[in-house]
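Colleague: Please take me through this model slowly, and for each term that you use, show me how a value is set against a definition.

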Amino acid sequence: MQTWHNIPMAQPDAAVDSEESTTVSSEQPKRGLDLFWEGTSRKARYRYWLHFGIYVVLLGTVVWPVFSVFNRIEPYVLGLPFNMFWVTLVLVFITINSYLLYRFDEGKLLGGS
């Protein structure tokens, strides 16, 4: 094993360079993003577009010019100025949306619909 200033360096294996060690098997083609894969069902595409739309709407409410509607100090909500409460609320909704999308994709990976 070669070292560089006493730091061990990994050696390339012969198996890594061979054609037999490709990570994509011939049984399952490389798909990429499921939304644009021709094998994705209409229901799954609808879910992906729904999650994407929710992201766009939520993120659109925390940038100018839409945020100017929510950019005020009063009323105080949970002890926070309204604009800080709004950004926190959007962050919570985006986290929930991300979790739901993750659960949807995890179910597909485990053989669900």
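Modeller: Helices and strands are runs assigned by DSSP (H or I over at least four residues for a helix, E over at least two for a strand), and they are numbered from the N terminus. This is a predicted model, in which local features need pLDDT of at least 70 and side-chain atom pairs count only at pLDDT 80 or more, whereas totals for chains, interfaces and linings use all residues. Residues are numbered from 1 along each chain as its sequence is written, and side-chain values use heavy atoms, with hydrogens and water left out. On these terms the protein chain has four helices and two strands, and from the N terminus on its elements run β-β-α-α-α-α.

Colleague: How do you know which elements have the lowest and the highest mean pLDDT?

Modeller: The score to look at is pLDDT, the predictor's confidence in each residue on a range from 0 to 100. The chain averages 78, and 63% of the residues score at least 70. Among the elements, helix α1 (residues 14–17) has the lowest mean, 49, while α3 has the highest, 92. Where pLDDT is low, the predicted coordinates should not be read in detail.

Colleague: Let us turn to α3, then. Why is Phe 70 called buried?

Modeller: Phe 70 is in helix α3, and its relative accessible area is 17%. A residue counts as buried under 20%, as exposed over 50% and as partly exposed in between (1.4 Å probe, protein chains only), so Phe 70, at 17%, is buried. Across the protein chain, buried residues make up 17% of the 113 residues.

Colleague: What makes Phe 70 and Asn 83 worth setting side by side, and what separates their C-alpha atoms?

Modeller: They are 13 residues apart along the chain, yet their C-alpha atoms are separated by 5.6 Å. Asn 83 lies in helix α4 (residues 82–109) and is buried as well, because its relative accessible area is 18%. Leaving aside neighbours within four places in sequence, Asn 83 is in contact (heavy atoms within 4.5 Å) with Phe 67, Phe 70, Asn 71 and Arg 72. With the same neighbours left out, Phe 70 touches Thr 61, Phe 82, Asn 83 and Trp 86.

Colleague: Which residues make up the largest nonpolar core?

Modeller: Leu 58, Phe 67, Phe 70, Phe 82, Phe 85, Trp 86, Val 90 and Ile 94 make it up, eight residues in all. The term stands for buried Ala, Val, Leu, Ile, Met, Phe, Trp, Tyr and Cys residues joined through side-chain atoms within 4.5 Å. Helices α3 (67–70) and α4 each supply at least two residues of this core, and the largest share, five residues, comes from α4.

Colleague: Why is the pair of Tyr 48 and Phe 104 called edge-to-face?

Modeller: Rings of Phe, Tyr and Trp (its six-membered ring) pair if their centres lie within 6.5 Å, and planes under 30 degrees apart are stacked, over 60 edge-to-face and the rest tilted. The structure holds five such pairs. Tyr 48 and Phe 104 have their ring centres 5.5 Å apart and their planes at 70°, so this pair is edge-to-face. It links distant parts of the chain, with Tyr 48 in helix α2 (residues 42–60) and Phe 104 in helix α4, 56 residues apart. Both are buried, Tyr 48 at 13% and Phe 104 at 9%.

Colleague: Why is the pair of Phe 82 and Phe 85 called tilted instead?

Modeller: Their centres are 6.3 Å apart and their planes stand at 40°, so the pair falls between the two limits and is tilted. Both lie in helix α4, three residues apart, about one turn of the helix. Ring pairs also link Phe 70, Phe 82, Phe 85 and Trp 86 into a cluster.

Colleague: How do you know that Leu 78 counts as exposed?

Modeller: Its relative accessibility is 76%, which is over 50%, so Leu 78 is exposed. Leu 78 is found in the loop between α3 and α4, and it has a positive phi of about 55° although it is not a glycine. Pro 75 is in the loop between α3 and α4 too, and a cis peptide bond with omega of about 5° joins Glu 74 to Pro 75.
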